[in-house]
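Work through the exercises below with the sequence and the model open. Try each task before reading its solution.

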Amino acid sequence: MIPVTTLKGKKVALFGLGGSGFATARALVAGGAEVTAWDDNPDSVAKAAAEGIPAADLRTIDWSGLSAFVLSPGVPLTHPRPHWTVDLAHAAGVEIIGDVELFVRERRAHAPECPFIAITGTNGKSTTTALIAHILQSSGRDTQLGGNIGTAILTLEPPKAERYYVVECSSYQIDLAPTLNPSAGILLNLTPDHLDRHGTMQHYADIKERLVAGSGVAVIGVDDSYSSLIADRVERAGGKVTRISRRHALADGLYAEGSRIVQASTGATSDIADLDGIQTLRGGHNAQNAAAAIAACLAVGVSADDIRAGLKSFPGLKHRMQPVGRRGRVVFVNDSKATNADAAAPALSSYDHIYWIAGGLPKEGGITTLAPLFPRIAKAYLIGEAAPAFAATLGEQVPYEISGTLERAVAHAAADADRDEHEMAAVMLSPACASFDQYKNFEVRGDAFVSHVAAVEGVTMLVGSATGGD
C-alpha cells in the first residue's frame, strides 16, 4: 500500500467504495487523513465501516472544511451530468481528484525522480502497459504495475528511488489527475469511445492530451488526426515528443516497417527491433504497441539490448491474442477478450489460416464488419446463442459448423487444423461476443478454452492449463 501522507491531518471526503475506491480509502486512512467515505451501495458502506473507515452520507457533512474530495473514476464527473457529490464539491469550492492524482503527489513528495511511465489511448493500453512492465522486470528492475489494468494504484509499493512505475490510465482517471507528470507518457491512439461520459470527441481528446502534456517525454502515436495534432501542440509548447507510427515512415521517431521497428532521427534510420517470430506481438496493432513500449523504455534509461530481450520473452497479455499451446504447425490462440467484432479484427488480421471459434451472447451488428477478413478463415466453429446468426452471415463464404459448446469446438478445430498443410495454422478463440450465455465473464471463458486445449492430445502448453497463464 501507498499511504497518502500528503493529506495527513486534513479532512477528506471520498465517494465510491468499489475496488479502487476502497483501496484509496484505506490508503488515506493509513496516511493520517480524516476521511469520510460514502457509496450508494449500503453493503460497501458497511464493509468500509467494519474496516475502520469512517462513513457518513456526504449530503449531511460540512463541506466547507474539506481539503479535497476524492472521487472514484467510475462515477460521472461531467457527463451525462455530474454526480450529486460533484455538485456539492463545486458549490463548496473543494477540489475533486482521484487515486492517480494521490499517487502523483506521493511520488512528488517522497521520490520525485523515480521513473514513472503512464499509458493511455483508446486501444492497446493494456498490452502496451504489460509489455513495458515485462521489459523492465526482465531487465532486473524493481517494477510496479497498476492502474486501469486491474491493480489499484494505491495498493502498489510506496515510491522510492530506482523503483519503476508502469501505470495504465483511463480517460476517467486522467480527468481526476490535474498534476499528472510521468517521466514518459504514452498516447497510443484516439477513436470515439466513452462519449456518453465525455460528451464530445474533442472533450475526450482534450482529457487524453493532459497525460502527455505533463510528461517528461511524450510518446504519441500519429496515425490518427486527433493524436497527430496533440503531438504538434505538445511540441510547440516546449515538450519533448517522440512520435510513433504503424502506417508511415517518420523523419523523427519510431515506426513499423514490416516486422521491423525502425528508429529515425533527422532522417537517418536504424533498426532497433524485429518482431518476426514473436507470436505474442503479431499484427500491425502490436507493432504500434511495441514501438510505444520501446520509446518509453528508452526514455527511462533501458538499453536497446535489454529492450530486445524483453520483447522476445514477452508472454502476452492473458485473453488477448495469447498463444497458449502448440501442436506441430498449429498454434492455439486465446483471444477471449474480443467481445465484439471490432475487438476480434486484430487477431483475425494477424494469421492467414484460421480455425475460428466464435459466438456467445451476440452484440449489435454481429460479425458483418469482419467480412473483409473472411478469406483468412479456413473454417468457423460457432458456439452459444449467436451461432445461427453468425452462420447466416458466413453463408457460403466460409465453411462452418455449429459446434454448440466450446469443448466440442476446440476438439473439432484441432482435428481440422492438424490436416492443414500450410506453414502455420491457428486455432483461435476470438468470439466477437459477450460470454454471458455460457460463462460468467470473458476470463472464465478464456480459462475454459485453455483447459480444453490442454486436453488435446500432443499439445505442448505455453501457459499453465489451470489458469491460462499469469
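The exercises go from the whole chain to its cores, then to single residues and the backbone.

This is a predicted model, in which local features need pLDDT of at least 70 and side-chain atom pairs count only at pLDDT 80 or more, while totals for chains, interfaces and linings use all residues. Residues are numbered from 1 along each chain as its sequence is written, and side-chain values use heavy atoms, with hydrogens and water left out.

**Exercise 1. The whole chain**

Task: Compare the radius of gyration of the chain with that of a compact globule of 470 residues.

Solution.
Step 1. The radius of gyration is taken over C-alpha atoms, and the globule rule is 2.2 Å times the number of residues to the power 0.38.
Step 2. For 470 residues the rule gives a value near 23 Å; the chain has 23 Å, so the two agree.
Step 3. For the dimensions, the C-alpha trace spans about 70 × 55 × 40 Å along its principal axes.

Task: Describe the secondary structure, burial and contacts of the chain.

Solution.
Step 1. Helices (H or I, at least four residues) and strands (E, at least two) are DSSP runs, numbered from the N terminus. The chain has 15 helices and 22 strands.
Step 2. Buried means under 20% relative accessible area, exposed over 50%, and partly exposed in between (1.4 Å probe, protein chains only). By this cut-off, 53% of the 470 residues are buried.
Step 3. Contact means heavy atoms within 4.5 Å. Among contacts in the chain with a separation of 6 or more, 65% are between residues 24 or more positions apart.

**Exercise 2. The nonpolar cores**

Task: Which residues touch the most other members of the largest nonpolar core?

Solution.
Step 1. A nonpolar core is a set of buried Ala, Val, Leu, Ile, Met, Phe, Trp, Tyr and Cys residues joined through side-chain atoms within 4.5 Å. In soluble globular proteins, nonpolar side chains tend to be buried together.
Step 2. The largest core holds 54 residues, and Leu28 and Ile220 touch the most other members. Helix 8 (residues 201–213) supplies the largest share of this core, 6 residues.
Step 3. Apart from this core lies another, of 39 residues, including Val217, Ile278, Ala287 and Phe314.
Step 4. Return to Leu28 and leave out residues up to four places away in sequence: Leu28 touches Val4, Leu7, Val12, Leu14, Ala33, Val35, Val70 and Leu102.

**Exercise 3. Four residues in their surroundings**

Task: Place Thr127, His422, Arg26 and Arg108, and list their contacts, leaving aside residues up to four places away in sequence.

Solution.
Step 1. Thr127 lies in helix 5 (residues 125–138) and is buried, at 13% relative accessibility. Its contacts are Asn286, Asn289, Phe314, Leu317 and Arg320.
Step 2. His422 sits in the loop between helix 14 (406–418) and strand 20 (425–429). With a relative accessible area of 39%, His422 is partly exposed, and it touches Arg329 and His353.
Step 3. Arg26 belongs to helix 1 (residues 19–30) and is partly exposed at 40%. The contacts of Arg26 are Met1, Glu51 and Ile53.
Step 4. Arg108 is in helix 4 (residues 99–110), partly exposed at 36%. Glu101, Thr179 and Asn181 are in contact with Arg108.

Task: How far apart in space are the C-alpha atoms of Arg108 and Pro159?

Solution. The two residues are 51 residues apart along the chain, and their C-alpha atoms are separated by 9.0 Å. For another pair, His422 and Asn41 are 381 residues apart in sequence and 55 Å apart in space, C-alpha to C-alpha.

**Exercise 4. Backbone exceptions**

Task: Where is the cis peptide bond between His79 and Pro80, and where are Met321 and Ala432, which have a positive phi?

Solution.
Step 1. Most residues other than glycine have a negative phi, and most peptide bonds are trans.
Step 2. The cis bond joining His79 and Pro80 has an omega of about -5 degrees. Pro80 is in the loop between strand 3 (68–71) and helix 3 (84–92).
Step 3. Met321, with a phi of about 50 degrees, is in the loop between helix 11 (304–312) and strand 14 (322–327). Met321 is buried, at 6% relative accessible area.
Step 4. Ala432 has a phi of about 55 degrees and lies in the loop between strand 20 and strand 21 (433–434). Ala432 is buried too, at 2%.
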